[in-house]
Amino acid sequence: MNEYTGETLSWHRAGAIVEVTLHRRPLNEIGRATLVDLEKLVVTLDARKDDVAAVVFSSAIEAGFCAGADLRELYHSMKGLDAESRQSGVRDFLERIHRVLNSLDALPAVTIAAVHGICFGGGLELALVSDILIADRTARFCFPELRLGLVPGFGGIPRLKRDLGNRLVRDLLLTGRSINAQKALEAGLVNQLVAEGQAPRVARLTAEQAAKFDRETARAAKRFAKPIPYAELRQEIELFCELFARPVVEDALRKFVEDSGALPYLP
Amino acid sequence: MPAKNVDEITAEILDLASKSFRVPRAELAPGDDFFKKLGIDSLQALDLLTQLERHFGIELPDYELQGVSDFRTLAERILARVG
């Protein structure tokens, strides 16, 4: 439990604090390997829930926290399959990633995301399960999924709606634009804005502060303050699968995967 | 304080780009393609966007940068937000 190094992430425990570091190049794209590592993390945290007061997530990749789902893997996994098989494959992945993210969302420990640089799509959805989001000034947040003919599929809309006003959700979703850390702070998405490179340090200090309180009280407070929108999360899976079966999605994914130009990350 | 014009904004962008991407200022001109001249990809372009938003105190939605690749046109987009 104290240490783990996987293909996509690593963690170590120091006292009552677990630090999880994403390290998959190029930019922590979330595919099957990340899913497997996250499942191991959830099992481990569940087994040691009485020992862990806070969990910090950060990225060791210079360009940012996470660029989102692994679109290359997604595209290659769907190629040559009929519509029904595609839907079935993507549903299996979504069911598993939802189980993982729902577990992290409802974790008894306090969770803190330390974000820098790119935090897009599935990366933003991973950050959204945290209780507290600390960003440095290089951070940018975005839901680019509509470019692919899809909606966010890792719980993004229900969690963003839970935490922020629906107007900002619609702005991000329907324009696909990215917002900087200052705007995210003003909107309430980011809790603390720090200097470049300082997010993990500040997150660690915040975790140490949270770990000082009585564990049972902190858990009760979290449960009371952070409802999990299970019904909407289920609806999201259905909507995603329905949209995923259309040819427009394969065309958009192919365009992204085959695009070697300079602009794939610009909406 | 008088409003900035497009030439002043272009000059500020060139100064910032020169410093951030370590390209000599004298080698940058308003009509240059900033992707080629700075040698940046789309991720670094987003970094430049973040720096420009902070420098000018504006929000510049990335879709306004579609089709924009030279410093002067970028300055015009910023001017419309600084206004």
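Buried area is the accessible area, taken with a 1.4 Å probe, that two parts lose on being put together, summed over both. In this predicted model, chain A and chain B bury about 1600 Å² between them. Carbon and sulfur atoms account for 59% of that area. The points below cover the interface, the sheet of chain A and the salt bridges.

**Interface of chain A and chain B**

- On chain A, 19 residues are in contact with 14 residues of chain B.
- By class, the chain A side of this interface has 11 nonpolar, four polar and four charged residues.
- Six residue pairs are in polar contact across the interface, both residues of each pair being at pLDDT 80 or more.
- Two elements of chain A, strand 7 (118-120) and strand 10 (178-180), give two or more residues to the side that touches chain B.
- Of the elements of chain A, strand 10 gives the most to that side, with three residues.

**Salt bridges between the chains**

- Side chains of opposite charge can pair when their charged atoms come close.
- Three salt bridges are counted between chain A and chain B.
- One of these joins Arg140(A) to Glu53(B), and the closest N and O atoms of this pair are 2.8 Å apart.
- That N to O distance of 2.8 Å falls within the 4 Å that the salt-bridge rule allows.

**Sheet in chain A**

- Chain A holds an open sheet of seven strands with mixed pairing, in the order 1-2-3-4-6-8-11.
- Strand 1 (3-5) and strand 11 (192-194) of chain A are the edge strands; each has a single partner strand, so one side of each is left without a neighbour in the sheet.
- On average, neighbouring strands of this sheet are turned by 15° against each other, direction ignored.
- Within the order given above, strand 6 (residues 110-115) and strand 8 (residues 132-136) of chain A pair in the parallel sense, over four bridges.
- Ala113(A) has Leu133(A), in strand 8 of chain A, as its bridge partner.

**Salt bridges over all chains**

- The count over all chains comes to 29 salt bridges.
- Among them is the pair Asp92(A) and Arg32(A), whose side chains meet at 3.9 Å, N to O.
- This pair links distant parts of the chain, with the two positions 60 residues apart in numbering.
- Asp92(A) lies in helix 3 (residues 83-105) of chain A, and Arg32(A) lies in helix 1 (residues 32-47) of chain A.

Conventions: Residues numbered from 1 in each chain as written. Chains lettered and ligands numbered in written order. Predicted model: local features only at pLDDT ≥ 70, side-chain atom pairs only at ≥ 80, totals over all residues. Heavy atoms only, no water. Contact = heavy atoms within 4.5 Å. Polar contact = N/O pair within 3.5 Å; in protein donor to acceptor, adjacent residues only side chain to side chain. Nonpolar A, V, L, I, M, F, W, Y, C, P; charged D, E, K, R; others polar. Pairing = 2+ DSSP bridges. Axes fitted to C-alpha atoms, helices over the stretch in contact; angles between N-to-C directions.
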